[in-house]
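User: I am new to this structure and would like a close look at a single part, the place where two of the chains meet. Please go through that contact slowly, and then set it beside what is found elsewhere in the model.

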Number of protein chains: 6
Amino acid sequence: MTHSYASGRLNLPFTGICTFAKAPHQPDWSALDCDAAILGAPFDAGTQWRAGARFGPRAVREASTLFSFGHAGAYDHEDDVTYLGPETRLLDMGDADIIHTDTEGSHRNIEAGVRAALAAKALPVVIGGDHSVNIPCLRAFDTEGPIHVLQIDAHLDFVDERHGVRHGHGNPMRRAAEHPYVTGLTQLGIRNVSSTAREGYEDARRMGSDILSVRQTRALTPEAIAARIPAGARVYVTLDIDAFCPSIAPGTGTPSHGGFLYYEVLEILQAVARRHEVVGIDLVEVAPDYDPTGSTAILAAQVLMNLLGFVFHASSLGG
Amino acid sequence: MTHSYASGRLNLPFTGICTFAKAPHQPDWSALDCDAAILGAPFDAGTQWRAGARFGPRAVREASTLFSFGHAGAYDHEDDVTYLGPETRLLDMGDADIIHTDTEGSHRNIEAGVRAALAAKALPVVIGGDHSVNIPCLRAFDTEGPIHVLQIDAHLDFVDERHGVRHGHGNPMRRAAEHPYVTGLTQLGIRNVSSTAREGYEDARRMGSDILSVRQTRALTPEAIAARIPAGARVYVTLDIDAFCPSIAPGTGTPSHGGFLYYEVLEILQAVARRHEVVGIDLVEVAPDYDPTGSTAILAAQVLMNLLGFVFHASSLGG
Amino acid sequence: MTHSYASGRLNLPFTGICTFAKAPHQPDWSALDCDAAILGAPFDAGTQWRAGARFGPRAVREASTLFSFGHAGAYDHEDDVTYLGPETRLLDMGDADIIHTDTEGSHRNIEAGVRAALAAKALPVVIGGDHSVNIPCLRAFDTEGPIHVLQIDAHLDFVDERHGVRHGHGNPMRRAAEHPYVTGLTQLGIRNVSSTAREGYEDARRMGSDILSVRQTRALTPEAIAARIPAGARVYVTLDIDAFCPSIAPGTGTPSHGGFLYYEVLEILQAVARRHEVVGIDLVEVAPDYDPTGSTAILAAQVLMNLLGFVFHASSLGG
Amino acid sequence: MTHSYASGRLNLPFTGICTFAKAPHQPDWSALDCDAAILGAPFDAGTQWRAGARFGPRAVREASTLFSFGHAGAYDHEDDVTYLGPETRLLDMGDADIIHTDTEGSHRNIEAGVRAALAAKALPVVIGGDHSVNIPCLRAFDTEGPIHVLQIDAHLDFVDERHGVRHGHGNPMRRAAEHPYVTGLTQLGIRNVSSTAREGYEDARRMGSDILSVRQTRALTPEAIAARIPAGARVYVTLDIDAFCPSIAPGTGTPSHGGFLYYEVLEILQAVARRHEVVGIDLVEVAPDYDPTGSTAILAAQVLMNLLGFVFHASSLGG
Amino acid sequence: MTHSYASGRLNLPFTGICTFAKAPHQPDWSALDCDAAILGAPFDAGTQWRAGARFGPRAVREASTLFSFGHAGAYDHEDDVTYLGPETRLLDMGDADIIHTDTEGSHRNIEAGVRAALAAKALPVVIGGDHSVNIPCLRAFDTEGPIHVLQIDAHLDFVDERHGVRHGHGNPMRRAAEHPYVTGLTQLGIRNVSSTAREGYEDARRMGSDILSVRQTRALTPEAIAARIPAGARVYVTLDIDAFCPSIAPGTGTPSHGGFLYYEVLEILQAVARRHEVVGIDLVEVAPDYDPTGSTAILAAQVLMNLLGFVFHASSLGG
Amino acid sequence: MTHSYASGRLNLPFTGICTFAKAPHQPDWSALDCDAAILGAPFDAGTQWRAGARFGPRAVREASTLFSFGHAGAYDHEDDVTYLGPETRLLDMGDADIIHTDTEGSHRNIEAGVRAALAAKALPVVIGGDHSVNIPCLRAFDTEGPIHVLQIDAHLDFVDERHGVRHGHGNPMRRAAEHPYVTGLTQLGIRNVSSTAREGYEDARRMGSDILSVRQTRALTPEAIAARIPAGARVYVTLDIDAFCPSIAPGTGTPSHGGFLYYEVLEILQAVARRHEVVGIDLVEVAPDYDPTGSTAILAAQVLMNLLGFVFHASSLGG
């Protein structure tokens with residue numbers, strides 16, 4: 001991100017077209033010359049309670065402008081680092097095309113977007129949409145493996161099949177675990193009753209998952225959490241906004257009380273970014289119309305921009 | 001509906017379990033002994049803008065309790081008639097089972113519910129859900145024809161196929177027109193840009209539709225509108241809440257300004273019920289979470305209860 | 001109302017303490033030296049659906065400041081009249097004391113406020129609260145009769161007694177009709193199912209009510225409506241905000257579609273004020289928290305200020 | 001609760017009639033054959049600030065469906081227990097009849113419901129309504145004593161009488177303490193200014209209350225809290241949703257900052273259920289229309305279902 | 001606008017970056033090769049009641065995507081015309097830079113944008129912001145005159161100066177009338193009390209304004225209204241969303257009951273576009289956060305797209 | 001505050017005119033005979049994201065009535081102290097006059113109010129408005145120094161000048177630090193990206209600021225925080241509501257995740273009040289319309305009333 005003061009523009013957050021972080025829009029996916037490519041995946045037909053995550057990409061983009069004051073990067077006084085300075089090149093790919101009534105077709109279009117970002121050697125950053133969009137995201141990594149999946153979520157999402165459904169928002173981690181190029185899963189924040197029954201937990205553990213509830217995660221330091229991921233693993237981060245406490249993330253389909261607070265997740269992400277290469281990111285389940293205060297979308301934008309800052313700061317330090 | 005004062009219960013609207021009009025719940029669809037059977041069809045994956053109609057059945061049921069003061073029927077001082085007295089037997093079937101990510105499976109379950117009502121010789125009354133639920137509703141009439149479809153809607157919903165989509169909420173009237181047992185369509189309230197392009201209008205007219213905008217409808221009396229439906233036709237009414245002005249129906253997926261006001265639709269329905277046999281009803285596209293005032297669901301309940309009153313009052317007068 | 005520009009204050013609507021129309025607050029009810037005295041009656045335990053009218057007085061007061069631009073009166077270019085100029089003296093009495101769980105005690109306190117206004121020869125203007133607050137208001141007129149009651153409302157409110165309830169918001173017009181000093185009622189806007197059953201309508205007509213629905217009212221001119229009130233009658237106006245269409249008044253307990261639009265009521269009130277002495281006013285059932293847009297409270301304030309303008313303009317012309 | 005997969009129904013949370021946890025509805029209170037009987041008590045005329053708790057029962061029932069995925073019970077991976085499996089029989093009694101303007105009559109009807117549940121040897125579980133509904137609940141225990149009351153609440157609710165009010169939502173714990181069969185009270189979460197003045201605290205302590213603020217409670221372990229209740233005491237739990245932090249429970253009449261977070265209350269309830277017999281439950285003051293996100297009702301449902309799970313799991317282990 | 005089906009994209013309304021009507025974004029104002037150039041003017045420090053119009057441009061852009069179904073233009077079956085087909089070239093200029101606390105600086109930046117559009121021979125279309133943004137818009141026409149201003153608004157906005165304020169949202173029409181190149185004003189919809197007092201009306205009429213209230217406008221046909229504008233006049237249209245009834249436009253700073261309904265304004269605009277050259281447009285005072293239903297922004301987008309359609313259809317027919 | 005029970009008034013929170021804490025309104029600023037004078041400063045043109053803080057004073061006043069149960073003071077059972085008893089005399093000054101479009105004029109009027117309070121030897125307590133209102137507040141202390149400023153806020157607000165802006169809501173702490181009578185600043189809660197860039201932090205530290213993030217503050221006790229303020233310093237407290245976590249304070253212009261929880265701030269304020277003389281207070285950035293639950297305004301009122309209680313309790317103990 002470059003700053004705009006030199007160009008004579010104050011560029012307050014409430015002005016301007018809403019791309020993610022006011023990054024340039026590049027609708028030509030064969031021309032993604034950037035470090036990170038942001039893709040909207042506004043698909044929400046995989047939900048089992050409230051829909052509305054189709055407006056997640058728009059809401060997160062709009063909220064991201066709150067953090068775009070025209071500065072050259074974001075100064076963090078605690079870390080004494082300016083993140084996302086002009087050396088980090090972001091592009092907004094716009095949204096994958098969604099076909100109503102057609103889950104498979106919509107998923108294919110999302111997969112194509114992630115493949116385009118990967119082909120351009122850019123970090124793919126996908127904004128959902130419901131958690132089913134993780135399924136096409138991970139499919140696109142078939143030639144990028146091996147990867148380890150770090151899921152931060154209230155729900156295990158490990159249902160195999162029920163009434164024929166295999167690609168809803170209760171299934172993605174099961175689908176992930178089935179990929180030969182996914183070497184393992186770390187699943188943080190899992191709590192309460194959900195669409196995954198007891199056998200799902202047993203399957204997950206058998207297939208290599210490390211499952212921690214919010215309380216179990218809290219009992220450990222961020223560094224200890226990061227260390228549970230195998231050393232050297234290249235990590236794909238999938239962040240369901242309902243991992244957070246409904247107090248700060250009510251705008252989501254299936255809120256679950258007892259979730260993470262802001263710094264708990266942020267510090268885990270920072271620790272992971274320091275220790276591991278992050279090769280892909282999705283942030284899902286922001287359903288903005290259920291939060292008239294806007295806090296949920298602001299949270300999503302704030303976490304995503306910080307995570308990107310951590311990732312590129314870590315990579316700038318070597319590696 | 002029987003009144004509750006004799007039984008010692010004031011039964012204020014805000015008390016009690018929310019079935020439609022506080023009618024008995026009959027989950028056993030092989031035992032539908034009633035005049036009208038209410039079925040929820042909470043499917044909204046057919047939408048092209050805002051989702052949320054999956055909560056339509058719950059919201060309309062809840063709003064319907066506002067009109068259930070424990071009286072034996074609803075007295076209308078303008079008509080000097082007590083509608084929906086104890087002689088009219090309503091049952092609430094509950095909801096069709098919905099399978100997320102699976103449009104065809106969900107539609108099949110809706111179709112099964114309508115077939116069950118028809119098999120019991122009850123008037124099927126379906127609360128959507130998006131307008132795509134009309135597709136399985138009309139499928140269930142394959143042995144009940146011939147029927148004429150009266151659509152009250154902002155949108156023509158006459159798209160044939162686009163990107164493979166044939167069963168979304170932009171397609172139902174095209175699908176209806178294709179049925180051999182649908183002898184014609186009357187489409188009222190159609191206005192503004194929508195998913196149907198010029199060729200859709202041409203197709204509709206060619207396939208026998210009578211299309212009137214809000215302004216064209218207003219220029220005629222309710223009786224004249226009713227008279228445009230062929231004499232003797234048995235009428236299926238499909239009512240999209242977005243036919244109404246967003247001023248009274250903002251809680252819907254694709255609001256369209258310039259819509260009908262309350263009495264305009266009510267008087268058409270009353271005129272149609274007087275002149276024609278009504279053989280099936282669906283009311284769709286109530287997305288309650290977009291209307292924090294609750295007006296939209298109250299409108300839907302109020303229209304539906306009045307329509308039922310008109311239908312059974314007309315049938316009680318002979319026919 | 002005096003204007004504030006001379007005193008060096010712009011006094012924009014969003015500034016200042018919220019009394020009605022920014023009139024002076026006079027908590028000492030023995031010192032009401034004014035033409036009209038505004039009393040809040042924040043009681044809502046008489047409701048049968050949604051409560052919340054207890055916040056009606058605060059909301060209407062706050063909305064009234066929108067019409068207080070610091071001018072000396074309100075200029076109406078259609079009438080070419082400046083209403084509510086400095087010659088009209090308003091005072092805000094604050095609220096009657098409400099005792100939760102105690103309907104009779106709360107009503108007594110409201111009655112005391114109206115009696116205080118009447119004792120001071122001021123026009124009592126009561127802001128509810130639910131429509132049951134009309135009961136104590138009219139009790140206070142026992143030495144002020146004879147009066148005619150003009151009700152503008154969706155509901156007849158003519159229930160005699162049910163389960164022992166005689167002072168809820170479904171009863172006030174029945175109670176009014178029982179007073180020997182109430183010579184008749186004109187009930188406008190009555191429509192749809194409500195807590196009053198057929199026998200209530202019959203009782204009302206027998207006891208002297210003139211009942212008109214919205215459609216029946218619309219078929220007449222405002223002057224014709226005003227002329228239905230006996231010549232020379234001194235009129236008490238009770239205005240239930242749900243008389244209006246939910247499109248402009250969703251913030252109320254029991255919204256009823258098909259209601260009046262703004263000018264329909266305004267012109268009736270203007271015609272009545274021209275032809276009759278208005279001796280008391282209540283405006284009830286504003287439940288502001290059901291209308292996040294604020295339109296309902298703005299409507300209530302706008303109608304009330306216009307009505308006061310009409311009343312004092314008419315009295316200034318003589319009569 | 002039995003699961004529905006065998007019956008061929010996916011039964012997603014957003015489908016179906018809203019009884020509590022989709023339990024069967026049993027309106028015949030003489031036929032309550034179950035382990036726990038859920039009763040709605042939609043009375044809110046006892047409130048001193050915002051009303052709206054009359055819609056608490058509906059909202060909590062609707063939210064409870066989010067936790068009803070068609071599974072046979074709710075698997076908790078932290079406890080490795082499936083709670084509320086098919087062996088636990090729940091019934092929803094519907095609502096007590098409420099009589100507007102009549103506090104005593106409404107309370108009598110609530111009392112009758114609790115007596116019916118107790119007569120059937122079912123655990124009575126009452127969903128308010130404001131906290132005054134606890135008064136009739138505890139009256140029904142006159143032949144069930146001795147009991148100890150565990151209150152979790154922001155407010156002490158220990159006002160004796162003020163302006164004649166003895167049965168409002170500021171009085172229930174005083175009324176409880178007066179019963180000879182209530183052997184003591186434990187009052188947790190009490191904080192901030194409220195309707196109870198200093199003398200109320202003094203009275204409470206004199207009459208046997210153990211009062212702890214949120215901070216005082218936090219300084220102890222859940223087990224230590226549970227141990228403050230006399231060993232062997234049979235415990236009635238009254239849970240006011242405003243005990244929780246407004247961050248997760250804004251939908252209530254009198255929010256009070258500084259409240260409990262989710263696991264703090266959950267762990268206390270789990271500890272109490274392990275150590276004591278729970279003989280009755282009420283959960284009050286959910287006013288859903290003040291929380292457009294739905295989080296408050298979801299919290300109430302989540303806490304109530306967990307508490308029921310703890311109670312019946314404990315009883316299944318012996319005792 | 002070109003359609004996207006050929007390019008293999010369904011392009012549903014809820015997908016994609018939100019420029020106006022999904023037109024291309026052209027931030028380089030020296031390269032505006034188009035027929036109409038859309039400029040956001042997110043300034044709202046000129047308001048006297050509720051602010052929030054700064055988010056008007058974003059909301060109107062987002063709502064405009066609802067009318068962008070990927071078709072080549074918008075087919076209107078009543079007119080049998082496809083408006084805004086591929087021959088009409090729209091560009092979105094983004095927003096003028098706003099400087100908080102600095103009215104004059106912000107206005108200068110808006111003026112620069114309008115000058116850029118005019119220099120490119122494009123029709124300038126400005127989305128406010130509050131009505132004060134009309135002041136810099138009209139300043140930019142100093143070399144484009146003579147022009148006639150058609151204002152559609154609830155308020156006259158004709159305050160000269162008060163407490164030094166000359167460039168707030170109550171002043172623009174006075175400022176307009178002062179320009180030598182503004183030959184006259186037609187002011188429609190003016191009603192109710194506002195910041196303009198009696199002397200403002202007198203000044204306006206003296207300076208050449210034709211003022212009509214809503215009721216006065218309704219008494220005339222659209223064609224008669226259009227004919228009140230001098231023949232041959234080149235017309236600048238300034239549309240304050242509060243001209244409309246709060247029932248369809250509650251999301252605005254100073255709502256005023258009794259406003260226009262949808263077709264009333266649309267038909268006037270269509271008549272004006274047929275009879276006059278439209279040389280500039282602004283649409284102001286959409287404050288989206290006061291309308292949780294989204295209806296207001298949808299109305300603004302719908303009116304603006306129709307007006308553009310009328311203008312370019314008229315110009316395509318000759319002239 | 002004196003209690004009202006003796007006077008025969010229950011005075012429930014929802015009744016009565018909304019001054020702060022139901023204190024008397026004194027619009028004559030030359031007659032401020034009180035201990036603390038409350039002034040509204042409804043100016044929000046200094047904001048860089050969402051406006052709406054102009055309604056902060058009204059909302060905080062209304063919320064403050066929730067804590068006004070008619071008692072003589074507020075009993076705190078944890079401290080065993082009755083705060084704000086009848087010996088503490090509060091007056092509500094109403095609001096400073098605001099001039100739209102004119103930042104300097106509005107600020108002057110705020111400054112005049114604070115000077116009036118100081119002249120009367122009353123503690124000035126200003127409710128914003130955006131944080132720019134702190135600029136005129138501190139100007140009024142030019143003859144009251146030396147003072148130390150304690151800022152509790154998410155943002156450093158230390159921008160010197162940008163595009164000519166020096167008096168927006170990103171500048172006040174810079175302006176404060178420039179005053180010779182401001183001896184130092186303690187800035188707590190500072191986090192995340194904001195309008196202040198790295199050089200602003202460097203300037204602040206150079207000019208004497210002690211900056212602590214939320215996490216850094218949390219690592220210390222309240223007493224240790226208070227001890228960082230120089231002994232004997234007279235303290236001006238400026239509290240930006242966005243210092244708090246958006247979970248409890250979403251109703252603000254620029255929410256920032258990771259903020260303080262309730263007791264964290266309360267205990268710091270209590271510790272500071274015990275150790276230092278508090279000479280002025282402002283509480284800013286409550287934008288109530290972004291929080292439909294009302295929690296933010298309740299928080300502001302609750303914090304402000306507690307802080308006043310701490311200040312006057314401390315002063316009553318000597319010093």
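Analyst: In this predicted model, the count of salt bridges between chain E and chain A is four. One of them pairs A:Arg9 with E:Asp97, and the closest N and O atoms of that pair are 3.8 Å apart. The rule also finds 18 residue pairs in polar contact across the interface of chain E and chain A, with both residues of each pair at pLDDT 80 or more. On the side of chain E that touches chain A, two elements give two or more residues each: helix 1 (56–64) and strand 4 (90–95) of chain E. Sorted by class, that side of chain E has 11 nonpolar, nine polar and nine charged residues.

How many residues does each chain bring to the contact? Chain E gives 29 residues and chain A gives 29 residues. Between them, chain E and chain A bury about 2300 Å², and 57% of this area is on carbon and sulfur atoms. Within chain E, the residues that lose the most area to chain A are E:Phe14, E:Ile17 and E:Arg58, which together make up 35% of what that side buries.

Other pairs of chains do not meet. No contact joins chain A and chain C, and their closest C-alpha atoms lie 11 Å apart. Chain B and chain F do not touch either, with their nearest C-alpha atoms 11 Å apart.

The salt bridges of the interface belong to a longer list, as the structure holds 132 salt bridges over all chains. Three examples within single chains follow.

In chain A, the side chains of A:Asp160 and A:Arg166 meet in a salt bridge, at 3.4 Å from N to O. A:Asp160 has a relative accessibility of 29% and counts as partly exposed. A:Arg166 is partly exposed as well, with a relative accessible area of 34%. This pair is part of a network of salt bridges that links A:Asp160, A:Arg166, A:Arg174, A:Arg175, A:Glu178, A:Asp203 and A:Arg206.

In chain B, a salt bridge joins B:Arg61 to B:Asp92, and the closest N and O atoms are 2.8 Å apart. The pair links distant parts of the chain, as B:Arg61 is in helix 1 (residues 56–64) of chain B and B:Asp92 is in strand 4 (residues 90–95) of chain B, 31 residues apart. Are the two residues buried or exposed? B:Arg61 has a relative accessibility of 1%, so it counts as buried, the cut-off being under 20%. B:Asp92 is also buried, with a relative accessible area of 0%.

In chain F, F:Asp35 forms a salt bridge with F:Arg89, with the closest N and O atoms 3.3 Å apart. F:Asp35 lies in the segment before strand 1 (36–41) of chain F, and F:Arg89 lies in the loop between strand 3 (81–83) and strand 4 (90–95) of chain F, so the salt bridge ties together parts that are 54 residues apart in sequence. F:Asp35 counts as partly exposed at 23% relative accessibility, and F:Arg89 counts as partly exposed at 36%.

Back in chain A, A:Leu304 offers a view of a nonpolar residue. A:Leu304 is placed in helix 9 (residues 295–316) of chain A. With a relative accessibility of 1%, A:Leu304 counts as buried. Which residues does A:Leu304 contact, leaving aside its neighbours within four places in sequence? They are A:Phe20, A:Val125, A:Ile127, A:Ile281 and A:Leu283. From A:Leu304 to A:Leu266 the distance is 9.6 Å, C-alpha to C-alpha, and the two are 38 residues apart in sequence.

Chain C gives a view of strand pairing. Strand 9 (residues 234–240) of chain C is mostly covered, with six of its seven residues buried. Strand 6 (residues 147–152) of chain C runs parallel to strand 9 of chain C, and five bridges join the two. Among the residues involved, C:His148 has C:Val235 in strand 9 of chain C as its bridge partner. Strand 9 of chain C is also joined to strand 10 (residues 277–284) of chain C by seven bridges, and these strands run parallel. There, C:Tyr236 stands opposite C:Gly280 in strand 10 of chain C.

Conventions. Residues numbered from 1 in each chain as written. Chains lettered and ligands numbered in written order. Predicted model: local features only at pLDDT ≥ 70, side-chain atom pairs only at ≥ 80, totals over all residues. Heavy atoms only, no water. Contact = heavy atoms within 4.5 Å. Buried area = accessible area lost by both parts, 1.4 Å probe. Polar contact = N/O pair within 3.5 Å; in protein donor to acceptor, adjacent residues only side chain to side chain. Helix = DSSP H or I, 4+ residues; strand = E, 2+ residues; numbered from the N terminus. Nonpolar A, V, L, I, M, F, W, Y, C, P; charged D, E, K, R; others polar. Buried < 20%, exposed > 50% of the residue type's maximum accessible area, 1.4 Å probe, protein only. Pairing = 2+ DSSP bridges.
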